Amino acid sequence: MEQKRPAVLTIAGSDSSGGAGIQADLKSFAANGVYGASVITAITAQNTTGVFAIEPLSNEIIKAQLDAVFTDLNITGVKVGMVADKKIMHAIAEALTTYTPPFIVIDPVMVSTTGHTLLDEDQIDTLKTTLLPLATVITPNLQEAEVLSNQNITSLADMQNVANALANEIGTLVLLKGGHFPLEQAGKLISIDVLSTGETFLGDWIETNSTHGTGCSLSSAISAQLARGKSLTEAIKTGKDYVHQGIKQAHKIGAGSNPIHHFHPYWEV
């Protein structure tokens, strides 16, 4: 008798270096025990040192991918990453409204790890009004949360206030990631993520340049764990630990910001 395995769909851009985007999502899904399907929204030319070109795919092929996946596969959850075109945002929103997956995790990718701005102001406004309200939880980093809220974040109190404000404005849960903002606690540096419910998630701060695709990988790991029946709190804890270990065990791949080791549970460094 065939066993059922949760299937999660990622809707995102392709990273030619393999460390972020669709590639990181599918690796994270597999490492966290779910089947991964994909809808590619854009092709990027990038490596560990930067993003050099972005070419969105046509609305027609994106709609065709969405329909093909949703009408055949038993999709138990969706993760949305980089969407760099307003028409594409509307197309994705229409499909998500039509097919109503059990949960939607949106990583509002606006700035790459290497500092490249991926969305303009008009696109950001469309993202806020069209896609983000459909999410079960959104997972902005500090830079993205500042852009979404038009507020500066310089403290843990700021993180909590912005997470709450965004949750109230958009109407969804917000996990504000603090990986770029180390805090000192008991004489050591920690990273802290803040959920708009008031929960916080702590981890040891790692001094490293192996952070390419960490946001994509965390949101995908959370999605995989939700698909496996974990609560959001459990999924965040498990996903955060997965990425933490992936950073600690990362390989040297390129000259810039290296990707995490997605398959650390199975490969030796």
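**Figure 1. Asparagine 258, a buried residue in the segment after H8.** In this predicted model, asparagine 258 has a relative accessibility of 2% and so counts as buried. Its place is in the segment that follows helix H8. Setting aside neighbours within four places in sequence, we find asparagine 258 in contact with Thr48, with the run Asn209, Ser210, Thr211 and His212, and with His251, Lys252 and Ile253.

**Figure 2. Helix H8 and what its buried residues pack against.** Let us step back to the helix itself. Helix H8 covers residues 232-248, 17 residues in total, and at 1.5 Å a residue it should span 24 Å; the end C-alpha atoms are 24 Å apart, so the expected and modelled values agree. The buried residues here are Leu232, Ala235, Ile236, Gly239, Lys240, Tyr242, Val243, His244, Gly246 and Ile247. They pack against two helices, H1 (21-31) and H7 (214-227), and against strands S6 (137-138), S7 (173-176), S9 (188-195) and S10 (200-204).

**Figure 3. Lysine 240, a buried lysine of helix H8.** Here we zoom in on one residue of helix H8. Lysine 240 has a relative accessible area of 14%, below the 20% cut-off, and therefore counts as buried. Beyond its neighbours within four places in sequence, the contacts of lysine 240 are Ser191, Asp193, Phe201, Leu202, Gly203 and Leu218. Serine 217 is 23 residues away from lysine 240 in sequence, with 9.4 Å between the two C-alpha atoms.

**Figure 4. Helices H2 and H3, packed side by side.** Helix H2 (residues 59-70) packs on H3 at an angle of about 20°, and the two axes are 10 Å apart. With that angle, H2 is roughly parallel to H3. Their crossing is right-handed. From H2, the residues that take part are Asn59, Ile62, Lys63, Leu66, Asp67 and Phe70, and they meet Lys87, Ile88, Ala91, Ile92, Ala95, Leu96 and Tyr99 of H3. Sorted by character, the residues of this contact are nine nonpolar, one polar and three charged.

**Figure 5. Helix H4 and its cover.** Helix H4 runs over residues 121-131, and its buried residues are Gln123, Ile124, Thr126, Leu127, Lys128, Thr130 and Leu131. The elements covering these buried residues include helices H3 (86-99), H5 (142-149) and H6 (156-170), along with strands S4 (75-80) and S5 (104-106).

**Figure 6. Two loop residues with positive phi, threonine 100 and asparagine 150.** Most residues other than glycine have a negative phi, so these two deserve a look. Threonine 100, in the loop between H3 and S5, is not a glycine, yet has a positive phi of about 40°. It is exposed, with a relative accessible area of 56%. Asparagine 150 sits in the loop between H5 and H6, and its phi is near 60°, again positive in a residue other than glycine. At 70% relative accessibility, asparagine 150 counts as exposed.

**Figure 7. Glutamine 46 in strand S2.** Our last close-up shows glutamine 46, part of strand S2 (residues 35-47). Its relative accessibility is 15%, so glutamine 46 counts as buried. Leaving out neighbours within four places in sequence, its contacts are the run Ser14, Asp15, Ser16 and Ser17, together with Val51, Phe52 and His212. Phenylalanine 29 is 17 residues from glutamine 46 along the chain, and their C-alpha atoms are 22 Å apart.

Definitions and conventions:
Residues numbered from 1 in each chain as written. Predicted model: local features only at pLDDT ≥ 70, side-chain atom pairs only at ≥ 80, totals over all residues. Heavy atoms only, no water. Helix = DSSP H or I, 4+ residues; strand = E, 2+ residues; numbered from the N terminus. Expected span 1.5 Å × (residues − 1). Buried < 20%, exposed > 50% of the residue type's maximum accessible area, 1.4 Å probe, protein only. Contact = heavy atoms within 4.5 Å. Axes fitted to C-alpha atoms, helices over the stretch in contact; angles between N-to-C directions. Parallel < 35°, antiparallel > 145°, perpendicular 65-115°, else oblique. Left-handed = near helix turned anticlockwise from the far one by under 90°. Nonpolar A, V, L, I, M, F, W, Y, C, P; charged D, E, K, R; others polar.
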